[in-house]
Amino acid sequence: KNEAAPIPVEVRVPKTGEMLAVYAGTATLEADQEAVVIAKVGGEVKRILAEEGQDVRAGQLLAVLDGDQLRLEVEQSSANLKKLERDYQRNSDLHAKGLIAASAVDNVKSDLDALKASNDIARLQLSYTAIRAPIAGVVSERHIKVGNTIQPNTVAFKVTDLKPLLAYVHAPERELRMLSPEQPAQVAVDALPGQQFHGKIARVSPVIDPATGTFKITVEVNDPTSKLKPGMFARVGIVYERRANALQIPRTAIVDNDGQATVFLVNKDKAEQRNITTGLANSGYIEVTEGLKGSEQVVVVGQNGLKTGNLVRVVTLEKETETVKR
């Protein structure tokens, strides 16, 4: 009697270790805060005190404009104000002696209040000749040069706060129940191959975009080295569940049997199909929660077309990173 030749298979013993459930997405890194610095008054640029790439604090002086005309307007307004203050004091004294009517004093008082307001405006306009950083960060753009005569509302600088950088990941609505603030994330960028950056979910939008069926996740990226820059393309992995001692097999070992996950085992040189229950999956491995004890020889290559009872020949046995020749 001629028996069928044994079917060559490769097997692997399940491994036990930490299993992470990771949602992977992509995003472009963006700054959390960014301010375009606008010149509020016109004038000639006299000094530049900050350059691109320089760290600045909120309120730090970035540039100075020529303020000669505004300074003269303040001096003129201040002189008029002093004169009117003397007139008001004199009229108040005359009214106290009954020499003039109260209405005359009130008229001077109204003029005095109006002139005080004008003087405050003139001083405010003069202060705007000092262009300052509205936020702390790094000067990412400089648009003016010494000697330029600029108009009000001219863009002078851009200041960007690089800490933290944010990645806005748009995930399918089915992931909403699994993702929540404070979950850790790993971030990698194409511009820095081989380097990983840590982060966490800062915010999860409770709203689903009906056009795309996705919701927005804001990932805060920690980069103490300042290597990351806004605009970099990032690959984000969000860890939403961990299992400390998960029994794992390669995902390729699983054979679908009418919706039931199964694997083939080698038992006394014969194939045995067994139903399993799976859990988390990551990096080519899947957790087995029911159906295996951990010492079985699971077929990982050659299982397609196998049936229970088929005679098999193990060509290699892999246990984690070790390979044992049979």
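How many nonpolar, polar and charged residues does the lining of the second largest pocket have? The tour below reaches the answer in steps, through a model that is predicted.

**First stop: a surface patch.** Select V36, I38 and V155. These residues form a nonpolar patch on the surface, and their accessible area together is about 200 Å². Now keep V36 alone in the selection. This residue belongs to strand β2, which covers residues 15–38. V36 counts as partly exposed because its relative accessibility is 46%, a value between the limits of 20% and 50%.

**Second stop: the second largest pocket.** Extend the selection to V36, V37, I38, A39, K40, S127, Y128, A130, I131, R132 and P134, which line the second largest pocket. Two or more residues of this lining come from each of the elements β2 and β6 (130–132). The volume of the second largest pocket is about 230 Å³. The opening question can now be answered: the lining divides into 8 nonpolar, 1 polar and 2 charged residues.

**Third stop: the largest pocket.** Clear the selection and choose D55, V138, L162, K163 and S226. The largest pocket holds about 270 Å³ of space. Of the 16 residues in its lining, the five just selected, D55, V138, L162, K163 and S226, are the closest to its centre. Next, display strands β7 (137–142) and β9 (155–172), each of which supplies at least two residues of the lining of the largest pocket. The largest share, 6 residues, comes from β9. Finally, colour the lining of the largest pocket by class: it has 7 nonpolar, 4 polar and 5 charged residues.

Notes. Residues are numbered from 1 along each chain as its sequence is written. This is a predicted model: local features need pLDDT of at least 70, side-chain atom pairs count only at pLDDT 80 or more; totals for chains, interfaces and linings use all residues. Side-chain values use heavy atoms; hydrogens and water are left out. Patches are made of residues with over 30% relative accessible area and no salt bridge: like charges are joined within 9 Å, nonpolar side chains (Val, Leu, Ile, Met, Phe, Trp, Tyr) within 5 Å. Accessible areas come from the Shrake-Rupley method with a 1.4 Å probe; for residues, only the protein chains shown count as cover. A salt bridge is a side-chain nitrogen of Lys or Arg within 4 Å of a carboxyl oxygen of Asp or Glu. Helices (H or I, at least four residues) and strands (E, at least two) are DSSP runs, numbered from the N terminus. Buried means under 20% relative accessible area, exposed over 50%, partly exposed in between (1.4 Å probe, protein chains only). On a 1 Å grid over the protein atoms alone, a cavity is a set of points where a 1.4 Å probe fits but cannot get out, and a pocket is an open set with protein on both sides within 12 Å along at least five of seven lines; lining residues have an atom within 4 Å of a point. Grid points are joined across faces, edges and corners, and a volume is the space filled by probe spheres set on the points. Ala, Val, Leu, Ile, Met, Phe, Trp, Tyr, Cys and Pro count as nonpolar, Asp, Glu, Lys and Arg as charged, and the others, Gly among them, as polar.
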